[in-house]
Amino acid sequence: MDADVIIVGAGLSGLVAAQELTGQGRKVALVDQENAANLGGQAYWSFGGLFVVNSPEQRRLRVKDSFELAWSDWQASARFDRLDDEDAWAVRWARAYVEFAAGEKRSWIAAQGIKLTPIVGWAERGGLRADGHGNSVPRFHVAWGTGTGVVGPFVRSAERAADAGLLTFYHRHQVDELVVQDGAVTGVRGSVLKDDPSLRGVASSRETTGSFELTAQAVIIASGGIGGDHDLVRHYWPQRLGTAPQNMITGVPAYVDGRMLAISTEAGARMVNRDRMWHYTEGVQNWNSIWPEHGIRILPGPSSMWFDALGRRLPDSCLPGHDTLGTLKYLRTTPDIAGYDHSWFILNQKIIEKEFALSGSEQNPDITSGSRQAVLRNRIFGKGAPAPVEAFKRNGADFVVAGTLDELVAKMNDLTDKPLLDAGELRRQIEARDMQVDNPYSKDAQVQGIHNSRRFLGDRLSRTATPHHILDPQAGPLIGVKLHILTRKSLGGIQTDLDARALGLDGTPISGLYAVGEAAGFGGGGVHGYNSLEGTFLGGCLFSGRQAGRAAAQAVA
């Protein structure tokens, strides 16, 4: 055989599996359709957020967390409702993952060389009910180096294994078929793609120069999801989220194409929960694009006002940073706005300086470089917004800036096919909200949320502006941001048992076939259920890759 195990996909989950296998002396063939510059895959571009429970970082910030609270939050968010079928393994993976996040995870990632920043973020605060979706406490731990800091140790491990003769890279090899003999997966066949020296993330050539076949005792599918293919996203778009947008922007490189999911299905793997997906409502067009229709997600603090395409403030549960899919559902199911593919933030300079962050390793050079001095200078003690945010404000097609509200609304209307916004109605809503910041006993849910956010030291230092009037000239200029739907994650995928073995249509493991990362719904075919608590995608890749690597190493011994 060509290897003990073939791994299809050189992203984070595949690299983690490779480390586990080569660490036990197994020989690995790592097959990927992109060039060597793309090692680490989609995770490289991430903000590097990791869901950790009851960490020293939390305790230093006086955050009280526990496995019990995290598991309660996970179940309330996931809402597993297919327990006898598609969620049968997902719920077991979910509990195992939360146990990992509350136990060994932090020490294990530290042993890999991954270090965490001291500030813990409060992502996905939820839909404003104790028994509903959301994180009860801050759990979003950002790695030094962002996504590059998470994938880096595993890239270096793969390179060391290659030098030792335990791992062979097959770059520009596109798998077209899983080889099945007597019911067992024994290898892969595919096309050798023409060499393409494109930079990381850039869409590459699909011209073929030949074919290949590799054999092994086991194959691990680590090929990601469907976020780069808008047609597939629309095909699986669930009715509960209304109509799929006609126009979306893309939060992942073009190679996140879902090809291996169909190929795995042809080999007998069972796909589950295809109707569950995770897309953001705060996407903006990248003014400096890398891949086609490249979008960036705004990670907003709590103070920007959110309006629909017709200029009406979104309801209380649809607040910045609270409920991603709840907001998406509202925007796509409300009849008179479902035909529009955008919404709006209105804020001012004081808010953007304190509260705007952009998702992505390349959008956070201070954290990505690991410079603590730069982080303190830019995010704690600095004046003005971080440089990447200011660059979007100056150059981004979705940003407009003005000294008065009338002027701002005119510029916002220039960004749509016809003027949909009325300055007088927007003024009425903003002034009503502004009146509520004059005392701490506001009836406005967003203002209450701002006060609550500032009770957490991490947010008060770096993520939440002092309450003030949005229309205060001293806090200006005013800023409008046109927001798009940004494709990102598949929450369903290949159903697997707790050893990451792919299951067939009859629910039994397919001999020799494993699945990890987004291809497996981050574990079990959908570890998140319907909702993510954030920081769980990278973590799901780490955990599922580790499980598969350890199980496969024993199976091929």
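## Close-up views of the chain and its salt bridges

**View 1. Arg-276 and Asp-87 meet side chain to side chain in a salt bridge, with N and O 2.8 Å apart.** This is a predicted model, and here the pair links distant parts of the chain, 189 residues apart. Arg-276 sits in the loop between β12 (271-272) and β13 (277-285). Asp-87 sits in the loop between α3 (67-78) and α4 (90-102). Is Arg-276 buried or exposed? With a relative accessible area of 1%, Arg-276 is buried. Asp-87 is buried too, at 0%.

**View 2. Arg-379 pairs up with Asp-366 in a salt bridge.** The closest N and O atoms are 2.7 Å apart. Arg-379 belongs to helix α12 (residues 372-380) and Asp-366 to helix α11 (residues 365-369), so this pair ties together parts that are 13 residues apart in sequence. Asp-366 has a relative accessible area of 6%, so it counts as buried.

**View 3. Salt bridges that share partners make one network.** Which residues does it join? They are Asp-81, Arg-82, Asp-87, Arg-240, Asp-275 and Arg-276. You've already met two of these names: Arg-276 and Asp-87 form the salt bridge of View 1.

**View 4. Arg-60 and Glu-57 form a salt bridge within helix α2.** Their closest N and O atoms are 3.8 Å apart. The two residues are three apart in helix α2 (residues 56-60), so about one helical turn separates them. Now look at how each partner sits. Arg-60 counts as exposed, at 57% relative accessibility, whereas Glu-57 counts as buried, at 2%.

**View 5. Stepping back, the whole chain has 18 helices and 22 strands.** Its radius of gyration is 23 Å, close to the 24 Å that the globule rule gives for 557 residues, so the chain is as compact as a globular protein of that length. Along the principal axes, the C-alpha atoms fill a box of roughly 70 × 50 × 45 Å. Buried residues make up 62% of the 557. Take the contacts between residues at least 6 apart in sequence: 76% of them join residues at least 24 apart.

**View 6. Here are the surface and the charges of the chain.** About 20900 Å² is exposed, and carbon and sulfur atoms supply 49% of that. How far apart are the mean positions of the positive and negative charges? For the 58 positive and 62 negative charges, the answer is 7 Å. The salt bridges come to 35 in total, including the Arg-379 and Asp-366 pair of View 2.

Note on methods: Residues numbered from 1 in each chain as written. Predicted model: local features only at pLDDT ≥ 70, side-chain atom pairs only at ≥ 80, totals over all residues. Heavy atoms only, no water. Helix = DSSP H or I, 4+ residues; strand = E, 2+ residues; numbered from the N terminus. Rg over C-alpha atoms; globule rule 2.2 N^0.38 Å. Buried < 20%, exposed > 50% of the residue type's maximum accessible area, 1.4 Å probe, protein only. Contact = heavy atoms within 4.5 Å. Areas by Shrake-Rupley, 256 points an atom, 1.4 Å probe, with all protein chains shown as cover. Lys, Arg positive; Asp, Glu negative; His and termini not counted. Charge placed at Lys NZ, Arg CZ, Asp CG, Glu CD. Salt bridge = Lys/Arg side-chain N within 4 Å of Asp/Glu carboxyl O.
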